[in-house]
Amino acid sequence: MWYDKEQYSKWRFVDETTPPLTRCIVATSWPQQNPFQEGDMVLYLGEISNMAGHISFVGKDGRVFFGYHFENLHVIPDNE
């Protein structure tokens, strides 16, 4: 993991005000069928318009994931 968990746990979660194409970090671990782990950097694409509260993002391998919740990602501050 390239960031200390204590450090990024203080960063804000993605929300409705987060602009598309924002760098984020995965905030939680999921079962092993997911290709990302807590601490992986991803690119936030935005909220899914017909699924309020759900987001889409691009993983490190270039695949797009959708249907996850806002609280699954922390926003990486611009100064990081």
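This note goes through the nonpolar core, one hairpin and one loop residue of a predicted model.

1. Because the model is predicted, local features need pLDDT of at least 70 and side-chain atom pairs count only at pLDDT 80 or more, while totals for chains, interfaces and linings use all residues. Residues are numbered from 1 along each chain as its sequence is written, and side-chain values use heavy atoms, with hydrogens and water left out.

2. The largest nonpolar core (buried Ala, Val, Leu, Ile, Met, Phe, Trp, Tyr and Cys residues joined through side-chain atoms within 4.5 Å) has 13 residues, of which Val-14, Cys-24, Tyr-44, Ile-55, Phe-57 and Leu-73 touch the most other members. Two or more residues come from each of the strands E1 (22–26), E2 (41–47), E3 (54–58), E4 (64–69) and E5 (73–75), strands being DSSP runs of E with at least two residues, numbered from the N terminus.

3. Leaving aside residues up to four places away in sequence, Val-14 is in contact (heavy atoms within 4.5 Å) with Cys-24, Tyr-44, Phe-70, Leu-73 and Val-75.

4. Strands E3 and E4 run antiparallel and are joined by five bridges, where pairing requires at least two DSSP bridges. Val-58 has Val-64 of E4 as its bridge partner, and in the hairpin, which has five residues between the strands, Gly-62 in the turn has a positive phi of about 90°.

5. Thr-18 lies in the loop between helix H1 (5–8) and E1, and is buried (under 20% relative accessible area, 1.4 Å probe, protein chains only) at 4%. The side chain of Thr-18 reaches the backbone nitrogen of Asp-15 at 3.0 Å, and Thr-18 also touches Arg-12, Tyr-44 and Val-75, not counting residues up to four places away in sequence.

Terms used
Buried means under 20% relative accessible area, exposed over 50%, partly exposed in between (1.4 Å probe, protein chains only). Helices (H or I, at least four residues) and strands (E, at least two) are DSSP runs, numbered from the N terminus. A polar contact is a pair of N or O atoms within 3.5 Å; within protein, one must be able to donate a hydrogen and the other to accept it, and residues adjacent in sequence count only if both atoms are side-chain atoms.
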